[in-house]
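Student: Hey, I've just opened this one and don't know my way around yet. Can you walk me through it?

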Amino acid sequence: MFRYKFRKSSIQKILDELYRGVVSAEGIVSESIRRAEGIGRELNYFLHVDHDLTYSRIDKLSRNICEGVFKPLTCIPVAVKDNIDHKPFVTRAGTPYLNINPKMNARIIDVLEDMGAVSIGRTNMHELAMGATNINPHFGPSRNPLDPSRITGGSSGGSAGSVAVGITPIALGTDTGGSVRIPAAFCGVVGFKPTINRIPVSGVLPVSNTLDHVGILAGNVEDIIITLNTLINGFIDSTYSMLENIRSRRIRLAVIKEIVNVSTDSVKESFSKALDIVRGLNWEVDEVSFPDFNMVSKIRAPIMLGEAAANLFDIYVRYGDRMGSDVKYLFKIGLSIPASIYVMACKVRRRWITYFKDLFSRYDVIATPTIPIEPPKISEVENIATRALLIKNTELFNVIGTPTITLPAPKLSIGLPGYIQLTTSWNNDELLLATSLIYEELYSP
Amino acid sequence: MNGFIQVFKDVFEDVSRDVKVIVEAVISKYLEKDISERYSGDE
């Protein structure tokens with residue numbers, strides 16, 4: 001099936017077993033649905049688990065398998081965030097009031113289904129993807145698989161949980177300020193957002209045209225590469241070619257000190273241990289400065305909230321009274337931002353892109369902790385300051401649009417996995433994933 | 001249309017304090033560069 005021997009890939013393992021007849025197409029998907037309705041329901045990861053469409057897909061795929069037709073994602077179960085259009089399901093974006101009947105699938109759904117993937121259901125998310133806790137006032141919180149008293153993080157929390165407890169090997173999410181990377185980090189899995197627009201956002205309920213990304217969650221880096229290969233022709237080849245290239249030279253890695261400094265001691269210690277792992281490879285690790293770091297949330301706010309308030313204005317007018325108080329408040333801020341301030345924020349964003357272009361002329365990769373704090377208890381996140389901290393380290397990379405990934409790091413003091421976030425320059429997704437493969441060879445929980 | 005305009009009237013008072021903080025921060029950051037730099041190609 002693949003030219004490369006994947007060592008950790010769950011997709012490869014499933015395909016091997018399917019090819020050898022150890023498991024059937026129906027067996028793979030039935031087990032996935034059984035887990036979604038078991039532990040997935042217990043931890044509140046799915047808003048809808050599909051039976052009818054899934055099994056009709058399996059009938060078709062089984063016929064293909066009998067005829068020897070295997071595609072790169074044949075029978076691979078996928079969990080899909082509830083804001084991504086997938087006919088015939090209604091798109092509700094984690095709300096009880098939206099009932100959008102999509103006219104067509106999101107582009108990513110068409111591609112994954114064409115490659116044989118089977119979507120088993122729609123995952124719980126932060127209402128309208130406008131928050132990072134995944135505490136949904138209508139459907140309840142999704143619970144951290146490693147400590148159910150804590151949050152998964154969001155807004156793609158159900159997707160992260162689905163991967164973390166082995167319901168699906170891969171899941172789709174969206175990321176406007178960290179919504180793929182935050183839950184992936186808290187749940188101990190891998191979360192990737194590509195360079196802005198490298199995965200088309202068509203068919204996703206928009207929040208912010210400037211900041212929205214579609215992302216992929218998986219248990220390992222190889223599965224992300226295999227999934228991306230279905231969207232980007234030759235992606236596996238170009239990433240493994242990059243891998244050979246960087247094995248023979250010294251990677252230059254920059255650590256932004258302002259981002260590290262806002263972290264708790266436990267997060268700092270985990271991150272420091274992760275850096276020690278790559279120092280062992282003789283990578284060059286330098287500390288660099290981004291003095292504007294504390295301004296990022298203020299510059300992002302007019303862009304994200306202004307665009308969200310415009311994109312979703314009719315939803316706010318019709319359903320504002322039914323929205324959770326946090327989301328409703330964000331709409332109000334978005335509606336109140338003067339146009340002049342939006343334009344100024346966009347211009348500052350352009351300055352930062354120039355700043356990082358210069359940084360990437362000297363460094364291959366930037367590393368930071370993904371989140372500055374440990375996963376909070378569900379009862380603790382009413383605090384607005386805690387909510388703001390969740391996106392503090394991730395939102396910068398939505399503002400500048402670089403490809404960014406979160407990977408598990410040595411454990412935090414509370415016993416849960418730590419997290420490291422890596423980013424490279426624009427359209428260097430292959431370098432990012434090749435670097436991540438090397439890190440994963442050295443450290444995986 | 002009147003209903004839509006009422007939406008704006010309702011929201012301004014609720015969030016004026018937080019919006020003021022954002023407005024001041026963005027303006028201060030924007031004005032860090034002088035006018036010739038703000039009109040440069042990178043902007």
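Tutor: Sure, and one term up front: two strands count as paired if DSSP finds at least two bridges between them. Also keep in mind that this is a predicted model.

Student: Okay, so which residue does Gly191(A) stand opposite?

Tutor: That would be Thr406(A), which sits in strand 12 of chain A. Strand 7 of chain A, residues 190–193, pairs with strand 12 in the antiparallel sense, over 3 bridges.

Student: How many bridges join strand 12 of chain A to strand 13 of chain A?

Tutor: There are 6 bridges, and those two strands run antiparallel. Strand 13 covers residues 418–423. In that pairing, Pro408(A) stands opposite Tyr419(A) of strand 13.

Student: And strand 12 of chain A, how many of its residues are buried?

Tutor: 6 of its 6 residues, so to speak a mostly covered strand, spanning 404–409.

Student: What about Thr423(A), buried or exposed?

Tutor: Thr423(A) has a relative accessible area of 1%, so it is buried, since the cut-off for that word is under 20%. Thr423(A) belongs to strand 13 of chain A.

Student: What does its side chain touch, then? I mean, which residue shares a polar contact with the side chain of Thr423(A)?

Tutor: Thr404(A), with the two side chains joined by a polar contact of 3.0 Å. Apart from neighbours within four places in sequence, Thr423(A) is also in contact with residues including Phe360(A), Asp364(A), Phe397(A) and Leu432(A).

Student: Changing topic: helix 11 of chain A. How far apart are its end C-alpha atoms?

Tutor: They're 21 Å apart. The helix has 15 residues, 265–279, and at 1.5 Å a residue it should span 21 Å, so the two agree. Among the buried residues of helix 11 are Val267(A), Phe271(A) and Leu275(A).

Student: Now the two chains. How much area do chain A and chain B bury between them?

Tutor: About 2,300 Å², with 73% of it on carbon and sulfur atoms. Met344(A), Lys347(A) and Arg351(A) supply 25% of the area that chain A buries against chain B, more than any other three residues. The contact takes 24 residues from chain A and 21 from chain B.

Student: Which residue forms a salt bridge with Asp292(A)?

Tutor: Lys29(B), and the closest N and O atoms are 2.5 Å apart. The rule finds 1 salt bridge across this interface, along with 4 residue pairs in polar contact, both residues at pLDDT 80 or more.

Student: Which helix gives the largest share of chain A's side?

Tutor: Helix 15 of chain A, with 8 residues of the side that touches chain B.

Technical notes: Residues numbered from 1 in each chain as written. Chains lettered and ligands numbered in written order. Predicted model: local features only at pLDDT ≥ 70, side-chain atom pairs only at ≥ 80, totals over all residues. Heavy atoms only, no water. Helix = DSSP H or I, 4+ residues; strand = E, 2+ residues; numbered from the N terminus. Expected span 1.5 Å × (residues − 1). Buried < 20%, exposed > 50% of the residue type's maximum accessible area, 1.4 Å probe, protein only. Polar contact = N/O pair within 3.5 Å; in protein donor to acceptor, adjacent residues only side chain to side chain. Contact = heavy atoms within 4.5 Å. Buried area = accessible area lost by both parts, 1.4 Å probe. Salt bridge = Lys/Arg side-chain N within 4 Å of Asp/Glu carboxyl O.
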